[in-house]
Amino acid sequence: MDKDAQQAAYNDEFNRTAATGDASRPAETGWDFLGPILMAEFDQAFSERRETEIRWLQDLRQYKGIYEPDVMKKLGKRSKAYAKRTQTKVRTANARMLDLLFPAGGDRNYLIDPTPKPTLPRDKLAQVVRLITQAKGQAPTRDEVAAAVMDVSKRAATAMMTTIDDQLADTHYKRECKKVIKDGN
């Protein structure tokens, strides 16, 4: 029975009870429908998840090279050799994904560069202009300011990459990614 049919049946019963003047039933609060609705949702989620869990168990048995329980009963005392082809394929997929995500030689798998036309906050820009003016003895040109802004942006990008490298090393990023990839495959 779907939710609308349940609600309609409950409304009919409620109206019949209210018409007879039965005072033993409390007034409708809106919470009366919560229990059946939640139970129906739970039952649906349970049944849908069950199919997935059965498939996961079959996949895990296949990966580990273990026969299904009913097949084991049929085999009896015969040989129980199982070709672990799935495990070989999974290991190959893991290795390929790790090669793509983590380049050889310790290179980064990301790069941080400034935008083609970087901008700075007003106070930083004023500081850059002031430094150029002090060094040159006169007001800088637009090209000089643009070159200085690009230099400041490149230095900030380099510092950001160093900070990110430190954070990734502290969290053992590569090791954790290997675990996630293995688990996912």
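Student: Of the 185 residues of the protein chain, what percentage count as buried?

Tutor: Start with the source: this is a predicted model. A residue counts as buried when its relative accessible area is under 20%. In this chain of 185 residues, 13% meet that mark.

Student: What secondary structure does the protein chain have?

Tutor: Count helices and strands separately. Here there are seven helices and zero strands. Reading along the sequence gives α-α-α-α-α-α-α.

Student: Is the chain spread out or compact?

Tutor: Compare its radius of gyration with what a globule rule gives. The rule gives 16 Å for 185 residues, but this chain has 34 Å, well over that, so it is more spread out than a compact globule. The C-alpha trace spans about 100 × 70 × 25 Å along its principal axes.

Student: How much area does the chain expose?

Tutor: About 15100 Å². Then ask which atoms supply it: carbon and sulfur account for 56%.

Student: What share of the contacts joins residues 24 or more positions apart?

Tutor: Take the contacts with a separation of 6 or more. Residues 24 or more positions apart make up 54% of them.

Student: How many positive and negative side chains are there?

Tutor: Count each set, then find its centre. The chain has 32 positive and 27 negative side chains. The centres of the two sets lie 12 Å apart.

Student: How many aromatic pairs does the chain have?

Tutor: Rings pair if their centres lie within 6.5 Å. The count here is three. Take Y67 and Y82 as one example. Their ring centres are 4.8 Å apart and the planes meet at 75°, so this pair is edge-to-face, the term for planes over 60 degrees apart.

Student: Where do Y67 and Y82 sit in the chain?

Tutor: Both are in loops. Y67 is in the loop between α2 (34–64) and α3 (69–75). Y82 is in the loop between α3 and α4 (85–101). The two are 15 residues apart, and the pair links distant parts of the chain.

Student: Are these two tyrosines buried or partly exposed?

Tutor: Read the relative accessibility. Y67 has 23%, so it counts as partly exposed. Y82 has 27% and is partly exposed too.

Student: How are the rings of F102 and Y173 arranged?

Tutor: Check distance, then angle. The centres of F102 and Y173 are 5.7 Å apart and the planes are at 70°, so this pair is edge-to-face. Next, find the two residues in the chain. F102 lies in the loop between α4 and α5 (122–136), and Y173 lies in helix α7 (residues 173–184), so the pair ties together parts 71 residues apart in sequence. F102 counts as buried at 12% relative accessibility, whereas Y173 counts as partly exposed at 33%.

Student: Which residues does N94 contact, leaving aside its neighbours within four places in sequence?

Tutor: Place the residue before listing its contacts. N94 is in helix α4. At 12% relative accessibility, N94 counts as buried. Its contacts are I181, K182 and N185.

Student: And I164: where is it, and what does it touch beyond four places in sequence?

Tutor: I164 belongs to helix α6 (residues 142–170). It touches Y110 and I112. With 25% relative accessibility, I164 counts as partly exposed.

Student: How far apart are I164 and K154 in space?

Tutor: Use C-alpha to C-alpha. I164 and K154 are 15 Å apart in space and ten residues apart in sequence.

Technical notes
Residues are numbered from 1 along each chain as its sequence is written. This is a predicted model: local features need pLDDT of at least 70, side-chain atom pairs count only at pLDDT 80 or more; totals for chains, interfaces and linings use all residues. Side-chain values use heavy atoms; hydrogens and water are left out. The radius of gyration is taken over C-alpha atoms; the globule rule is 2.2 Å times the number of residues to the power 0.38. Buried means under 20% relative accessible area, exposed over 50%, partly exposed in between (1.4 Å probe, protein chains only). Contact means heavy atoms within 4.5 Å. Accessible areas come from the Shrake-Rupley method with a 1.4 Å probe; for residues, only the protein chains shown count as cover. Lys and Arg count as positive and Asp and Glu as negative; His and the chain ends are not counted. The place of a charge is taken as NZ of Lys, CZ of Arg, CG of Asp or CD of Glu. Rings of Phe, Tyr and Trp (its six-membered ring) pair if their centres lie within 6.5 Å; planes under 30 degrees apart count as stacked, over 60 as edge-to-face and the rest as tilted.
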